[in-house]
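Trainee: I have a new structure to look at and I'm not sure how to read it. Could you walk me through it?

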Amino acid sequence: MADPQIGGVGGRDWVYQGGKLEDKSQPVVGKLQWFGRVIGNHHLGIGAPREVDVLKGVNMSFRTQAIGELRFDDRMKGTGAQVHFEMSFVLTLKRAGWKMIYDPSIAVDHYPAQRFDEDQRHNFNDLALINLVHNETLILLEHFSPLRQIVFLSWSILVGTRESLGICQWLRLFPKQGQLASKKFLASLQGRWLGYQKYRMNSQKFDIKKQHFGY
């Protein structure tokens, strides 16, 4: 209330897995690194309230003036949970000049429920990973400048993360996971390609609209 530029506020979600509380702690929460890696840790955050890049869907609220007519992005893939939907929403608000605040003292208890779609949380499903990577790719390409787009695509394909594998992560995980690591890598590549295609298609539609209306 004291800062009219704050458009959204979120907090910590205390996650219970099988009735057991995940009570570790992390000081870095909700940050988008310059090359495209997203650091979540919203369920482990400690410290004072601070500005972040991304909030978590399970614990976030927004100023009505900031939202206006904005709605959740219906281009996000996923027949049940559309992973990263909140990142699309929050980054859109940040591009419009709004601040996002994470305060770990604003807490909710979070009991992850069973999902009844392809995304079964802890069990690998190639379509679920393809959807996740598609959503992440589309969001970040729209958020980044052309130079950062190149850096992000290069990093994501050459390195990647434990969740969205690039070549280095595939080589690192292959000795332990074998064919599972290969399936994750191929699904990650397919998701990147589909996300890139969707971004290019949307960019071309926007260019055509600009030419048609003369702006």
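Mentor: Sure. Let's begin with a term we'll need: a residue is called buried when its relative accessible area is under 20%, exposed when that value is over 50%, and partly exposed in between. And keep in mind that this is a predicted model.

Trainee: Okay, let me try that on a residue. Is Asn-41 buried, exposed or partly exposed?

Mentor: Asn-41 has a relative accessibility of 23%, so it counts as partly exposed. You'll find Asn-41 in the loop between strand S4 (38–39) and strand S5 (50–51).

Trainee: Which residue would be a good example of an exposed one?

Mentor: Take Asp-74, which counts as exposed because its relative accessibility is 74%. Asp-74 belongs to the loop between helix H1 (64–67) and helix H2 (85–95). From its C-alpha to that of Phe-85 is 8.8 Å, with the two residues 11 apart in sequence.

Trainee: And what does a buried one look like?

Mentor: Look at Gly-30, in the loop between S2 and strand S3 (31–32). Its relative accessibility is 0%, so Gly-30 counts as buried.

Trainee: Which residues does Gly-30 touch, leaving out those up to four places away in sequence?

Mentor: Gly-30 touches Ile-39, Gly-40, His-42, Val-52, Asp-53 and Val-54. For a separation along the chain, try Gly-30 and Thr-137: they are 107 residues apart in sequence, and their C-alpha atoms are separated by 17 Å.

Trainee: Let's zoom out. How many helices and strands does the chain have?

Mentor: There are six helices and seven strands. Reading from the N terminus, the order is β-β-β-β-β-β-α-α-β-α-α-α-α. The chain is as compact as a globular protein of 215 residues, because its radius of gyration of 18 Å is close to the 17 Å from the globule rule.

Trainee: What other overall values can I look up?

Mentor: Along the principal axes, the C-alpha atoms fill a box of roughly 55 × 55 × 30 Å. Buried residues make up 39% of the 215 residues. Then there are the contacts: among those with a separation of 6 or more, 66% join residues 24 or more positions apart.

Trainee: What about the surface and the charges?

Mentor: The chain exposes about 12,300 Å², with carbon and sulfur atoms supplying 58% of it. As for charges, there are 28 positive and 20 negative ones, and their mean positions are 5 Å apart.

Trainee: Now the strands. How should I read a sheet?

Mentor: A general idea to start with: in a regular strand the side chains alternate between the two faces of the sheet. Next, ask who pairs with whom. Strand S1 (residues 6–17) pairs with strand S7 (residues 99–110) in the parallel sense, over eight bridges. Two of the matched pairs are Val-9 with Ile-101 and Gly-10 with Tyr-102.

Trainee: Which residue of S6 is the bridge partner of Gly-10?

Mentor: That's Met-60. S1 and strand S6 (residues 60–62) pair in the antiparallel sense over three bridges.

Trainee: Tyr-102 in S7 came up a moment ago. What stands opposite it on the S5 side?

Mentor: Arg-50 stands opposite Tyr-102. S5 and S7 run antiparallel and are joined by two bridges.

Trainee: How do S1 and S2 pair, parallel or antiparallel?

Mentor: Antiparallel, with two bridges between S1 and strand S2 (residues 20–21). Gln-17 has Lys-20 as its bridge partner in S2. The hairpin of S1 and S2 has two residues between the strands, and there Gly-18 takes a positive phi near 60°.

Trainee: Why would I pay attention to a positive phi?

Mentor: Because most residues other than glycine have a negative phi. With that in mind, go back to Asn-41, which has a positive phi near 60° without being a glycine.

Trainee: Where else can I find such a case?

Mentor: Try His-84, which is not a glycine and has a positive phi of about 80°. His-84 is found in the loop between H1 and H2.

Trainee: And is His-84 buried or exposed?

Mentor: His-84 is buried, at 16% relative accessible area.

Technical notes: Residues numbered from 1 in each chain as written. Predicted model: local features only at pLDDT ≥ 70, side-chain atom pairs only at ≥ 80, totals over all residues. Heavy atoms only, no water. Helix = DSSP H or I, 4+ residues; strand = E, 2+ residues; numbered from the N terminus. Rg over C-alpha atoms; globule rule 2.2 N^0.38 Å. Buried < 20%, exposed > 50% of the residue type's maximum accessible area, 1.4 Å probe, protein only. Contact = heavy atoms within 4.5 Å. Areas by Shrake-Rupley, 256 points an atom, 1.4 Å probe, with all protein chains shown as cover. Lys, Arg positive; Asp, Glu negative; His and termini not counted. Charge placed at Lys NZ, Arg CZ, Asp CG, Glu CD. Pairing = 2+ DSSP bridges.
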